[in-house]
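Hi,

Here's the structure I said I'd pass on. Have a look at it first, then read on for what turned up.

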Amino acid sequence: MKLQHNLMCGVGRADITPPVGTVMYGYAPGRPSTSIGDHLTATAIKLQSEEDSALMITCTLCAFNPDLTQRLQEAAGKITGVPAENVTISATHTHSGPNTNFDSAWGSVDTEYIENILVPGVLKAAEEASAVRPAQMGVGETLSEVGINRREVKEDGTTVLGQNPWGPKDPTMTVVSFRGEDGTIIANMIHYCCHCTASGKNEEITRDWAGVMTDMLETETGAITGFYAGFEGDQGPNLPNGHTIGTYQLALQLGARAGGDAVRAFRNIKEWRDEPVRVLHGTVKVPFMPLPSREEAEKNLAELGSLEQLRAQGLHIKTNEYLRWQNVLAEYSSGQPLKTHWTFPQSIVTIGPVAILPCPFEAFIEIALRIRKGSPYAYTLNLCNTGGAVAYLPTPCDLPRGGYEVRQFLSSFRTTYDLPRNTDDYWVQENLKILREE
């Protein structure tokens, strides 16, 4: 059957592996890599129709700061002819690669890596993706037990990073695939909600469990495959050790399970459609809480001591608190009016029944489920760590339980200003307005 050519698709891939010895970002701050378990990649998928286009880039890294995200959007958009606001920059959130986010308690930004490897690699993948050809899209789903809620509540009531089998989760794994006129697969997207932290405090550079998963679907289909991570703020790898961090070997084993699930989701595709790509635009706006006073910032800095001492003692949370209070003082010293709102320019990519919704938060899974329920699209794929990295985003009912993610949200390290406790309501309502084109 001849295609009507509503949809055109291209794909590109580049190796963005850092050299051995690179300090890795996340768990066990300051640990240098000693080997390459598997190579890090940048994957770009370009979708084009007569009236619109989109470029979706995913990198097997932990997170991008907003400035770097904007720089990559503009540069990749210029190469591909896609408007910068239609370029999506995502991170799979592996903790076994370099720091491309912020200077923090977890390490300093690896500027040399960004300039010499990451940026050239992303642009190479984008350029390759510019070679589009007529395509059809198909969607398949399956249930996967690779992820589990990670907010474990201990006997004494404290909340830690572990496994909570009774906690909210989303077992749905989705594969969006694009095939050409001859029936060959051009590219695949895998969407699933789970932290890429199965490797834990390892010394190998690795894409973590998701790397094996994408490799297996690439073998099955013969096409480049990208992992576009869903909301994973409270979702971790379901490891046999009872935790959500482990070893490189455990990551490989979990990845093989995930790969089998991804292949099954692909095989569940029943229909291929020639659907145009359309990008929905809007702005998500969340009011800031009033900025703490200059006096409060000075008092907290004095009580915390020196930044060097905090880092030397490995007090990661207090280190980030110190940086936050420094930021508060910088706001008062800037001479600019204090900010009233946090805003996010939203661009939602739609292809037929699929809507792909970027989010710069590590948001909790219930938020994604709320958006999915209210969305007019049959498949609403919420992406985390996309469009920059801001903070964790818990629900108000999670706040009393505390825990790592809640502390990070309340510390406002990256936004300086406090966000309201019901930020999730703003995120859900504003994005549903865009999806419904209200």
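The lining of the largest pocket is a mixed bunch: 16 nonpolar residues, 16 polar ones and 7 charged ones. Keep in mind that this is a predicted model. The space inside the largest pocket comes to about 910 Å³. The lining has 39 residues, and if you want to find the middle of the pocket, look for P66, D67, T343, F344 and G387, which are the closest to its centre.

Which parts of the chain build that wall? Helix 1 (66–80), strand 5 (87–91), strand 16 (277–287), helix 7 (316–333) and strand 17 (341–351) each put in at least two residues. Strand 17 gives the most, with 7 residues.

Next, the second largest pocket. About 570 Å³ of space lies in there, and 30 residues line it. Nearest its centre you'll find Y27, H95, W106, Y392 and Y404. By class, its lining splits into 16 nonpolar, 9 polar and 5 charged residues. Helix 7 turns up again here, since it and helix 9 (404–411) each supply at least two of the lining residues. Helix 9 gives the most to this pocket, with 3 residues.

Those two helices also pack against each other. Their axes are 10 Å apart, and the angle between helix 7 and helix 9 is about 15°. Anything under 35 degrees counts as roughly parallel, so that label fits helix 7 and helix 9. Helix 7 passes helix 9 in a right-handed crossing. On the helix 7 side, I317, N320 and R324 make the contact, and they meet Y404, R407, Q408 and S411 of helix 9. Sorted by class, that contact has 2 nonpolar, 3 polar and 2 charged residues.

There's another helix pair to look at: helix 8 (residues 365–374) and helix 10 (residues 423–435). They pack at about 30°, with axes 10 Å apart. Are they parallel or perpendicular? Roughly parallel to each other, given that angle. Helix 8 and helix 10 also make a right-handed crossing. Helix 8 brings I367, R370, I371 and G374 to the contact, while helix 10 brings D424, D425, W427, V428, L432 and L435. This contact of helix 8 with helix 10 counts 6 nonpolar residues, 1 polar and 3 charged.

A good way in is to colour Y404 and follow it: Y404 is among the residues nearest the centre of the second largest pocket, and Y404 is also one of the helix 9 residues that meet helix 7.

Cheers

Technical notes. Residues are numbered from 1 along each chain as its sequence is written. This is a predicted model: local features need pLDDT of at least 70, side-chain atom pairs count only at pLDDT 80 or more; totals for chains, interfaces and linings use all residues. Side-chain values use heavy atoms; hydrogens and water are left out. On a 1 Å grid over the protein atoms alone, a cavity is a set of points where a 1.4 Å probe fits but cannot get out, and a pocket is an open set with protein on both sides within 12 Å along at least five of seven lines; lining residues have an atom within 4 Å of a point. Grid points are joined across faces, edges and corners, and a volume is the space filled by probe spheres set on the points. Helices (H or I, at least four residues) and strands (E, at least two) are DSSP runs, numbered from the N terminus. Ala, Val, Leu, Ile, Met, Phe, Trp, Tyr, Cys and Pro count as nonpolar, Asp, Glu, Lys and Arg as charged, and the others, Gly among them, as polar. Axes are lines fitted to C-alpha atoms, for helices over the stretch in contact, and angles run from 0 to 180 degrees between N-to-C directions. Angles under 35 degrees count as roughly parallel, over 145 as roughly antiparallel, 65 to 115 as roughly perpendicular and the rest as oblique. A crossing is left-handed if the near helix is turned anticlockwise from the far one by less than a right angle, and right-handed if clockwise. Contact means heavy atoms within 4.5 Å.
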